[in-house]
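Good morning. I have one structure to go through today, and I will put it on the screen now.

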Amino acid sequence: MTSTTQSSYTQTLGYTDDGRALTFTVGAQDIATYTYLPVDEQYESPRPFFHPLKTLEGDEVTISRPWDHVWHKGLSWALPNVGERNFWGGATYTRDTGYANLDNNGAMNHQAFTSIEDSGEGITAAETLLWSAQPSGAGQNGQPLIVEKRRFGIQLLPTLNAWALLFETEMSNVSGAEIGIGSPTTEGRDNAGYGGLFWRGPRSFTGGEFRSEAGTGADEFMGTRSEWIAFTGQHDVTCRKSSILFVEDQANPGASNQWFARSSMFACLGSAPFFSEVVPLTEAEPLTYRYAVVIADGDLEGGQAAALAVAAKAALEGWA
């Protein structure tokens, strides 16, 4: 299956589907692969993910299965504390146990693409997923907990040699009981509010720079709130710089939510709407979150980051 669309500046955007992953291209350059049928072990909380993500110049800005946290998968929607379940991967942190392997690693199971459409502005895929608990035995199915309606779009931006990945999730509770979605921080671990749309950067990005409306810095951006936040790192081999920028839809519950932002140890950035408060997911009220994630060549000096955030926000609003 293939599709192509022509951007406003003569580059061709297209995709292919090999039966387990969608790969998006600009001309002859791959820019994104979305693996919707992963082969990960249950301990890694199998789920769809984007990897690799590349700039238009071809520099890779994600890492997957790093040795220190093999459940980190490029860019993915991942939640560590979903009631008693873990949809992040690895050990679970609770107030009673600290980090422990609790045999509670669920899976986000791809059901179908309900549509993959070329709008002329970009390509949008709509997907249904069933979140299930860890099976109790070999060959068994886990308990159904959440039905998710997911959309994501790939668009080229008319500025700054960049493209945008637009992401929307609607989670509906089918478990039969209210589910509280939190984080290690809501369980008592300080400054560990990860969970949401999470990006893990290349090793060479360690020590890179964050930027938001508040200025520039590093790990002090952990837990901050802003409509947008960017990170710039430098690549080995090419020695070029690349940037990734998140914009949160201000219609999201709790917006502007906190960001999970780390530069030292390793580079990572993620939306964290459950950072410091447990959010209830009831059967009557689905939760919907929307973001734009921009992949750009080069640094974002001066007003470039703000200009890119404006372009990304416009793309997200136009995609609604």
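D297 is buried, that is, under 20% relative accessible area with a 1.4 Å probe and protein chains only, yet D297 has no salt bridge. A salt bridge here is a side-chain nitrogen of Lys or Arg within 4 Å of a carboxyl oxygen of Asp or Glu. The nearest side chain of opposite charge is R240, 5.5 Å away. For charge, Lys and Arg count as positive and Asp and Glu as negative, while His and the chain ends are not counted.

I should say that this is a predicted model, where local features need pLDDT of at least 70, side-chain atom pairs count only at pLDDT 80 or more, and totals for chains, interfaces and linings use all residues. Residues are numbered from 1 along each chain as its sequence is written, and side-chain values use heavy atoms, with hydrogens and water left out. pLDDT is the predictor's confidence in each residue, from 0 to 100. The chain averages 95, but residues 4-10 stay under 50.

Back to D297: what does its side chain make a polar contact with? The partner is the side chain of N161, at 2.9 Å. A polar contact is a pair of N or O atoms within 3.5 Å; within protein, one must be able to donate a hydrogen and the other to accept it, and residues adjacent in sequence count only if both atoms are side-chain atoms. The backbone nitrogen of E57 also lies 3.3 Å from a polar atom of the D297 side chain.

Lastly, P144: its C-alpha atom is separated from that of D59 by 39 Å, and the two residues are 85 apart along the chain.

Conventions. Contact = heavy atoms within 4.5 Å. Buried < 20%, exposed > 50% of the residue type's maximum accessible area, 1.4 Å probe, protein only.
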